[in-house]
Amino acid sequence: MPYLLSAKTTSQSVSSTVTQANHWFSNINWASIQATIINRAILIVIASILFFILNRGGKYLIRRVFSHYENSQLAGSRFATVKMLVLNIFSYVVIFFYIYTALSILGIPVGTLLAGAGIVGIAVGLGAQGFISDIVNGFFIILEGQLDVGDSVQLGQISGSVQAVGLRTTQVVSADGTLNYIPNRNITIVRNLSRNAMTAIVDLPVASDTDSGTIERIVKKVNAELVPNDKDLTKAPEIVGLVPSQWGGLVYQVRVTAKPGTQSAVRARFLTAYVDALRDAGITVRTAPTGTKLP
């Protein structure tokens, strides 16, 4: 008998709960909810289209403004860096306002969220330290002009040509075509190879009994032929003379000074011409012993 009373009580409780749920669902204005969802979805679509047009149009105008100065004397690597920076800042601003607009359309109290300085402070302290460091370091890299678009640089273990300088990352293209995205906080030492003229040493290993005067005359003759037509040189080659090498022999050295990024090619051209001229004159150009590295 108690079991029958318990089952009856449970059945009545379930029936009452189902009745209350049906009553609650029946009082919901589903038409109003559906209309609200559709209206907000339409508003978000319209806002997305408008911000897309704003983003494309704004970037077009920025490029159009900068294009008026691309052929002027003000244009250059620094000019390209500022252009990329303006485009990046504009993109960040558009994204920020798009997110703000979308949240406002959805009814999320953005102002209240932004006013929660304590929550924002915790978020910055826990997860945004690297992001803030990227922006601060990127700002000073650009402000101090440490590197510009097109510069040949070495940043830590990565070397190549700068493709873009942003507030958060710097893009460097390596010699093999690899595009490296480097967070600005990781850039501690910048080796800019494009600011000053670069020097390279041309080594000519010769025998110890070779007449240095003969070598000098041949080197000067080659210089007279190559220098007038070489546009990469910034000044005439300097003859250093005979110096001892690391492998125990003698090396006749010539120092060439070239435009940034061209020093290796200039050294190769002059080395080839020197070696050919010396061999034509009967002077043997020695090689280092096997397993020995030339200086």
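**Exercise 1. Which residues make the nonpolar surface patch of about 560 Å²?**

Solution. This is a predicted model: local features need pLDDT of at least 70, side-chain atom pairs count only at pLDDT 80 or more, and totals for chains, interfaces and linings use all residues. Residues are numbered from 1 along each chain as its sequence is written, and side-chain values use heavy atoms, with hydrogens and water left out.

- Step 1. List the members: F131, I132, V136, F139, F140 and L143.
- Step 2. Apply the patch rule: residues with over 30% relative accessible area and no salt bridge, with nonpolar side chains (Val, Leu, Ile, Met, Phe, Trp, Tyr) joined within 5 Å and like charges within 9 Å. Areas come from the Shrake-Rupley method with a 1.4 Å probe; for residues, only the protein chains shown count as cover.
- Step 3. Place one member. F140 lies in helix α6, residues 129–144. Helices are DSSP runs of H or I, at least four residues; strands are runs of E, at least two; both are numbered from the N terminus.

**Exercise 2. Is I142 buried or exposed?**

Solution.

- Step 1. Set the cut-offs: buried is under 20% relative accessible area, exposed over 50%, partly exposed in between (1.4 Å probe, protein chains only).
- Step 2. I142 has 8%, so I142 is buried. I142 also sits in α6.
- Step 3. Contrast F140: at 39%, F140 is partly exposed.

**Exercise 3. Describe how strand β1 pairs.**

Solution.

- Step 1. β1 (residues 152–155) runs antiparallel to β2 (residues 158–165) over 4 bridges. Pairing requires at least two DSSP bridges between two strands. S152 has S161 as its bridge partner in β2.
- Step 2. Look at the turn. The β1–β2 hairpin leaves 2 residues between the strands, and G156 there has a positive phi of about 65°.
- Step 3. β1 also pairs with β5 (residues 190–192), antiparallel, over 3 bridges. Here Q154 stands opposite R191.
- Step 4. Sort the faces. V153 and L155 are on the covered face; S152 and Q154 are on the uncovered one. In a regular strand, side chains alternate between the two faces of the sheet.

**Exercise 4. Which parts does the D232–R269 salt bridge tie together?**

Solution.

- Step 1. Check the contact. The closest N and O atoms of D232 and R269 are 3.2 Å apart. A salt bridge needs a Lys or Arg side-chain nitrogen within 4 Å of an Asp or Glu carboxyl oxygen.
- Step 2. D232 is in the loop between α7 and β7, and R269 is in helix α8 (residues 263–280), so the pair ties together parts 37 residues apart in sequence.
- Step 3. Extend the view: D230, D232 and R269 are linked in a salt-bridge network.
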